Amino acid sequence: MPDYGAALSLPIPTGERLLADLEQLATFVEPDTPGWTRRFPSPAYLAGRVWLQAAMQHAGLTPRIDAAGNLLGTRRGTADLPPILIGSHTDTVLGGGRYDGTLGVLAALEVVRCFNDAGITLRHPLIVADFLAEEANAYGISCVGSRGLAGTFQSAWLARTLDGVTLERAIQAAGGDPAGLIGPLYAPGALAACLELHIEQGPVLAQAGRSLAAVSGIVGIQRGTLRLRGQPDHAGTTPMAMRHDALAAAAVLITTLEQLCHAGPQTVGTIGRLEVQPNQSNVVPGEVLLTAEIRSLNPAVLAQVWQQFWARATAATAQRGVTLELVALTSSPPVTSPAWLVELVHRVCCSLDEGALVLPSGAGHDSSQLAQIAPTAMIFVPSAGGRSHCPDEDTAPHHLRLGGAALARAVLALDEALA
Ligand code: GLV
Ligand code: MN
Ligand code: MN
């Protein structure tokens, strides 16, 4: 077994450049939106990536945008080996924070600068990645770029339209070439390994008073967009017994999903997006488009809870004379990282925080897609109060710095460990 001596004694960087970059990227936000909003395919998001591409070039990386719209900056290795890939995403949710995704991208960039400063060469090429559109967006798809890279993107999704712009055009506007999305952009084995540093987005590390965790696995997500069609009618004159209220039916679905997930082991479920038509206080709601998602580490539980939800939704809508249609469905399977890689990452984390944890992730990540084609693992740093996907998302500077150091050490250890 390698002793990773050089990797585990790599100095911890000051973190000043990382903190400055995080602040700089946080200036690219959509106007008139809460928090730090930078959604795909907004101009703010694309402008942030132009800045990032220049920063990659400045760090000596060779940047390119692949067919899926991922921004990839490559550093050469000294041997003819498959690359190690490190990165995350720079898009946010509406009203998101400053660290979800951005930390993993900017820390990866800082790893390269630290290696450059210290004159460290790697045997493997190193790729710094900013994956296109990780967050679930208004096209109803998450992990657009990493799905494209891993070959899990369905070309039928390209026709989806938002404000008259197809997903195909939006990927092109981000520099991608969707015509090239006909299989994985890296065949299985063509990447040596992938690592993603991320904030935990939950309370475990903060409550345990620890600084780092190796991530053992990532939840699977089953996400469906459902259309409920009832009948718009006058809210004053239509007797209660004659209504076909699509929003009242949606309310039943919301509480049904909540009950199922409370009862089910290791499951969470959310209906977080609703579009109501005509959305008038004096009209019985005629139509609702909603997105429901279920998450679990257990694939059987995921399938079972979704099935139960669908059966109950069908019955509840039929009872109200409301039709139910499944408009779109995406799923990412639960992922378990290879034991050897979790062990390597945990050892690295313990070199910086002797009580470092091993945790599963309840959040979805680009790593779920990458795991389909390469050994993939993640590193977590704490989220203050466990808060994320909100403007209050926060991670202490010394945790950001330790996360960056763990990523650098893990890359060095991997470069040593992998043939
Ligand atoms: C992404 O952050 C997700 O977990 O949905
Ligand atoms: Mn997120
Ligand atoms: Mn994220």
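Here is a short chat between two people about this predicted model.

Colleague: Let's start with the metals. Which protein donors does the manganese ion (ligand 3) have?

Modeller: Along the chain, the donors of ligand 3 follow the spacing H-x10-D-x97-H. The distances from that manganese ion run from 2.0 to 2.2 Å. So what you should be looking at is His89 (NE2), Asp100 (OD) and His198 (NE2).

Colleague: How many residues apart in sequence are the parts that His89 and Asp100 tie together?

Modeller: His89 sits in strand β3, residues 84-89. Asp100 belongs to the loop between β3 and α4, with α4 covering 102-118. The pair therefore links parts separated in sequence by 11 residues.

Colleague: And are His89 and Asp100 buried or exposed?

Modeller: The cut-off for burial is under 20% relative accessible area. His89 comes out at 0%, and Asp100 at 5%. By that rule, His89 and Asp100 are both buried.

Colleague: Which residue bridges the manganese ion (ligand 2) and the manganese ion (ligand 3)?

Modeller: The two manganese ions lie 3.6 Å apart. The protein donors of ligand 2 are Asp100 (OD), Glu135 (OE), Glu135 (OE) and His389 (NE2), at 2.0 to 2.7 Å. The donor set of ligand 3 also includes an OD atom of Asp100. That makes the bridging residue Asp100.

Colleague: Staying with ligand 2, how many residues apart in sequence are the parts that Asp100 and His389 tie together?

Modeller: The donor spacing for ligand 2 reads D-x34-E-x253-H. Asp100 is in the loop between β3 and α4, while His389 is in the loop between β17 and α12, so the parts they tie together are separated by 289 residues.

Colleague: Is His389 buried, partly exposed or exposed?

Modeller: Buried would need under 20% relative accessible area, and exposed over 50%. His389 has 40%, so the label is partly exposed.

Colleague: On to helix α10. What distance separates its end C-alpha atoms, and what span should its residues give?

Modeller: Helix α10 has 14 residues, 339-352. The expected span is 1.5 Å times one less than the number of residues. That should give 20 Å, and the end C-alpha atoms agree, being separated by 20 Å.

Colleague: What arc do the buried residues of α10 cover around the axis?

Modeller: The buried residues are Leu341, Val342, Leu344, Val345, Val348, Cys349 and Leu352. They lie on the same side of α10, because their arc around the axis is only 160 degrees.

Colleague: Which elements do those buried residues of α10 pack against?

Modeller: Contact here means heavy atoms within 4.5 Å. By that criterion, the partners are α1 (5-8), β7 (193-199), β8 (213-218), β16 (357-361), β17 (376-381) and α12 (397-417).

Colleague: How many disulfides does the count come to?

Modeller: A pair of cysteine sulfurs has to be within 2.5 Å. The sulfur of Cys143 has its closest cysteine sulfur in Cys194, 13 Å away, which is too far for a bond. Cys261 is in no disulfide either, with the nearest cysteine sulfur, that of Cys143, 20 Å away. The count is 0.

Colleague: Last one: what distance separates the centres of domain 1 and domain 2?

Modeller: The assignment gives domain 1 as 5-219 + 334-417 and domain 2 as 221-332. Their contact takes 15 residues from domain 1 and 12 residues from domain 2. Taken over C-alpha atoms, the centres are separated by 33 Å.

Notes: Residues numbered from 1 in each chain as written. Chains lettered and ligands numbered in written order. Predicted model: local features only at pLDDT ≥ 70, side-chain atom pairs only at ≥ 80, totals over all residues. Heavy atoms only, no water. Donors = N, O, S within 2.8 Å, 3.2 Å for Na, K, Ca; no water. Helix = DSSP H or I, 4+ residues; strand = E, 2+ residues; numbered from the N terminus. Buried < 20%, exposed > 50% of the residue type's maximum accessible area, 1.4 Å probe, protein only. Arc of directions from axis to C-beta. Domains from an automatic or database assignment.
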